[in-house]
Structure formats: structure tokens, C-alpha cells
Amino acid sequence: MKSDIRVCSAWRAAHDCPVYTLSETCPECGEPAENSAPAPFDPNDPHGEYRRALKRRHR
Ligand SMILES: [Zn+2]
């Protein structure tokens, strides 16, 4: 695991740029913060398995 950095889930609507935080909520707007890890590393990513399967096929 690389980081616990989260990003404001509403930053596109509430901020000009992503607001990163280590807490559960955005320090600026109070919206929930979500994990900022890239999708390929998200074990809950519904498309992750598809990508991994695709990669296996190419080997
Ligand atoms: Zn925010």
C-alpha cells in the first residue's frame, strides 16, 4: 500500500483543482474524501479484473 491520501469527492464542483487530505472529509467543503489511488490499483474497481484478464491474455 502506497498512501492514505484522499481527494475531495466533490472537488470538480466545489474547487478549481483536486483537494487532497489525509482525513475522511474535505477540509475545505466538508464533502467526503475518497481514496485517490489510481483505478488500476483499486481492488474494488469493477473494471480491474477485466484489465488484468486482458493483460494475462497478451502474455
Ligand atoms: Zn472539497
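A search of the whole structure, a predicted model, finds zero disulfides. Cysteines instead appear at a zinc ion, whose donors include C8, C26 and C29. The same kind of whole-structure search gives one salt bridge. The chain has 59 residues, and 19% of them count as buried.

**Fold**

- The chain holds two helices and three strands.
- Read from the N terminus, the order of elements is β-α-β-β-α.
- Strand β1 covers residues 6-8.
- Strand β2 spans 20-21 and strand β3 spans 33-35.
- The loop between β2 and β3 contains L22, E24 and E31.

**Zinc site**

- Four residues coordinate the zinc ion: C8 through SG, H15 through NE2, C26 through SG and C29 through SG.
- The coordination distances run from 2.0 to 2.3 Å.
- Angles subtended by the four donor atoms run from 102 to 115 degrees, so the arrangement is tetrahedral.
- The cut-off for that label is that all angles lie between 85 and 135 degrees.
- Along the chain, the donors follow the spacing C-x6-H-x10-C-x2-C.

**Accessibility of the cysteines and the histidine**

- C8 has 1% relative accessibility, so C8 counts as buried, the limit being under 20%.
- H15 is also buried, because its relative accessible area is 14%.
- C29 is a zinc donor but is partly exposed, with a relative accessible area of 33%.
- C17 counts as partly exposed at 46% relative accessibility.

**Salt bridge**

- R6 and E24 form a salt bridge.
- Their closest N and O atoms are 3.4 Å apart.
- The pair links distant parts of the chain, with R6 in strand β1 and E24 in the loop between β2 and β3, 18 residues apart.
- In general, side chains of opposite charge can pair when their charged atoms come close.
- R6 counts as partly exposed, because its relative accessibility is 24%.
- E24 has a relative accessible area of 56%, so E24 is exposed.
- The cut-off for exposed is over 50%.

**Contacts along the chain**

- E24 and the zinc donor C8 are 16 residues apart along the chain, and their C-alpha atoms are separated by 9.1 Å.
- E31 and A14 are 17 residues apart along the chain, with 9.2 Å between their C-alpha atoms.
- E31 is partly exposed, with a relative accessible area of 35%.

**Nonpolar surface patch**

- I5, Y20 and L22 form a nonpolar patch on the surface.
- Together these three residues have about 340 Å² of accessible area.
- L22 sits in the loop between β2 and β3.
- L22 counts as exposed, because its relative accessibility is 68%.

**Points to carry forward**

- The zinc ion has three SG donors and one NE2 donor, from C8, C26, C29 and H15.
- The β2-β3 loop holds E24 of the salt bridge and L22 of the nonpolar patch.

How values were computed: Residues are numbered from 1 along each chain as its sequence is written. This is a predicted model: local features need pLDDT of at least 70, side-chain atom pairs count only at pLDDT 80 or more; totals for chains, interfaces and linings use all residues. Side-chain values use heavy atoms; hydrogens and water are left out. A disulfide is a pair of cysteine sulfur atoms within 2.5 Å. Buried means under 20% relative accessible area, exposed over 50%, partly exposed in between (1.4 Å probe, protein chains only). Donors are N, O and S atoms within 2.8 Å of the metal (3.2 Å for Na, K and Ca); water is not among the atoms, so sites may look incomplete. Four donors count as tetrahedral if all angles lie between 85 and 135 degrees; four count as square planar and six as octahedral if opposite donors are over 155 degrees apart and all others between 65 and 115; anything else is irregular. Patches are made of residues with over 30% relative accessible area and no salt bridge: like charges are joined within 9 Å, nonpolar side chains (Val, Leu, Ile, Met, Phe, Trp, Tyr) within 5 Å. Accessible areas come from the Shrake-Rupley method with a 1.4 Å probe; for residues, only the protein chains shown count as cover. A salt bridge is a side-chain nitrogen of Lys or Arg within 4 Å of a carboxyl oxygen of Asp or Glu. Helices (H or I, at least four residues) and strands (E, at least two) are DSSP runs, numbered from the N terminus.
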